[in-house]
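Good morning, everyone, and thank you for making time for this. Please have a look at the sequence and the structure first, and then I will take you through them.

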Amino acid sequence: MPETAFTADEVALFYDRLEEFFSAVLGESIHYGYWPADDPGADLSRAQDHLTRLLGGKLGTGAGEHLLDVGCGTGRPAALIAGDTGCTITGITISGNQLAPAARRARDLGVADQVSFQWADAMAMPFADGSFDAALALESLLHMPDKEQALAEIRRVLRPGARLVVADFFETSPIPPGTVPETAIGVLPNHVPPPLDELTGVVAGAGFTVTEVHDLTADAHRSGEAILAAIHDYRPRGGDGRIAEQVQQAIPAIVEHAHEHTGYVAITAEVAR
């Protein structure tokens with residue numbers, strides 16, 4: 001297994017401790033947004049829903065099909081896709097504290113009979129081979145201590161002809177050594193995003209055929225500014241206020257570097273029939 005700066009347990013602890021923080025700051029979805037040309041006035045929440053629906057369209061699932069949401073967060077993307085398409089969805093997360101909010105959002109959106117959530121490690125999933133018709137990895141690969149193993153597991157649980165959509169960050173230019181502020185080092189359990197060709201290569205190397213690489217950098221650009229605005233007035237509450245404060249202080253530096261050195265992409269791939 002490749003060396004990594006963090007473990008799956010550390011990722012789980014991070015999100016367990018910060019579930020309240022991310023819900024307060026980012027709302028019901030904890031990912032970037034997509035600002036289409038026909039909705040320039042969208043706020044972050046609406047832009048996040050736009051991204052979810054864009055990715056749902058790329059997945060192409062429908063009634064009678066079963067989608068795996070790898071790193072489901074607090075559930076809104078899965079609930080939206082289920083409501084839009086009629087498919088059944090299983091969402092997995094290694095953060096136990098995300099399960100109750102996810103189930104609540106599925107109930108609130110009227111899709112509790114279509115969507116379920118469970119604790120599972122994406123690098124060792126408790127599902128039989130060929131269990132799913134599609135899979136979504138929305139900003140979850142960047143947290144994986146071993147992306148190759150995670151993608152191999154996703155490939156294993158997908159049926160022949162199944163589709164995978166990965167939405168994540170990629171490196172557009174290297175970050176010069178020593179330029180990342182101390183406040184941002186070691187705070188978020190993320191890997192440095194790889195270049196786009198490396199990211200697509202990892203997907204292909206896991207046994208997928210890449211069918212589309214959709215560069216969403218320009219359309220997701222406003223996400224950083226929207227996130228900065230959302231955290232500006234946040235005041236930590238509760239038992240883990242210190243770590244929330246550390247993350248709040250780190251995010252501006254992280255967003256600045258992301259703006260200068262990273263892009264955002266949706267990769268669509270298929271399993272051979």
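I will begin with the whole protein, and then turn to a pair of helices, the core and a few single residues.

Please keep in mind that this is a predicted model, in which local features need pLDDT of at least 70 and side-chain atom pairs count only at pLDDT 80 or more, while totals for chains, interfaces and linings use all residues. Residues are numbered from 1 along each chain as its sequence is written, and side-chain values use heavy atoms, with hydrogens and water left out.

The protein has ten helices and seven strands, where helices (H or I, at least four residues) and strands (E, at least two) are DSSP runs numbered from the N terminus. Of its 273 residues, 51% count as buried, and buried here means under 20% relative accessible area, with exposed being over 50% and partly exposed in between, for a 1.4 Å probe and protein chains only. If we take the contacts with a separation of 6 or more, 79% of them are between residues 24 or more positions apart, a contact being heavy atoms within 4.5 Å.

Now to the helices. Two packed helices are described by the angle between their axes and the distance between the axes. Helix H3, residues 44-59, packs against helix H4, residues 76-85, at an angle of about 55°, and their axes are 10 Å apart; the axes are lines fitted to C-alpha atoms, for helices over the stretch in contact, and angles run from 0 to 180 degrees between N-to-C directions. H3 and H4 are therefore oblique to each other, since angles under 35 degrees count as roughly parallel, over 145 as roughly antiparallel, 65 to 115 as roughly perpendicular and the rest as oblique. On the H3 side, Asp-49, Thr-52, Arg-53, Gly-56 and Leu-59 meet Arg-76, Pro-77, Leu-80, Ile-81 and Asp-84 of H4.

What about the core? In soluble globular proteins, nonpolar side chains tend to be buried together. The largest nonpolar core, meaning a set of buried Ala, Val, Leu, Ile, Met, Phe, Trp, Tyr and Cys residues joined through side-chain atoms within 4.5 Å, has 84 residues, of which Leu-68, Ile-154, Phe-208 and Tyr-264 touch the most other members. Strand S5, residues 158-171, gives the most to this core, with eight residues.

Next to Leu-68 in the numbering is Leu-67, which lies in strand S1, residues 66-70, and is buried, with a relative accessible area of 1%. The C-alpha atoms of Leu-67 and Ala-135 are separated by 5.4 Å, although these residues are 68 residues apart along the chain. Thr-90, in strand S2, residues 88-93, is buried at 7% relative accessibility, and its contacts beyond four places in sequence include Leu-67, Leu-68 and Phe-127.

Is Thr-209, by contrast, buried or partly exposed? Thr-209 counts as partly exposed, at 48% relative accessibility, and it lies in strand S6, residues 208-215. Beyond four places in sequence, Thr-209 touches Thr-268, Ala-269 and Glu-270.

Finally, most residues other than glycine have a negative phi. Glu-139 is not a glycine, and yet it has a positive phi of about 55°. Glu-139 is found in the loop between strand S4 (132-138) and helix H6 (147-157), where it is buried, with a relative accessible area of 11%.
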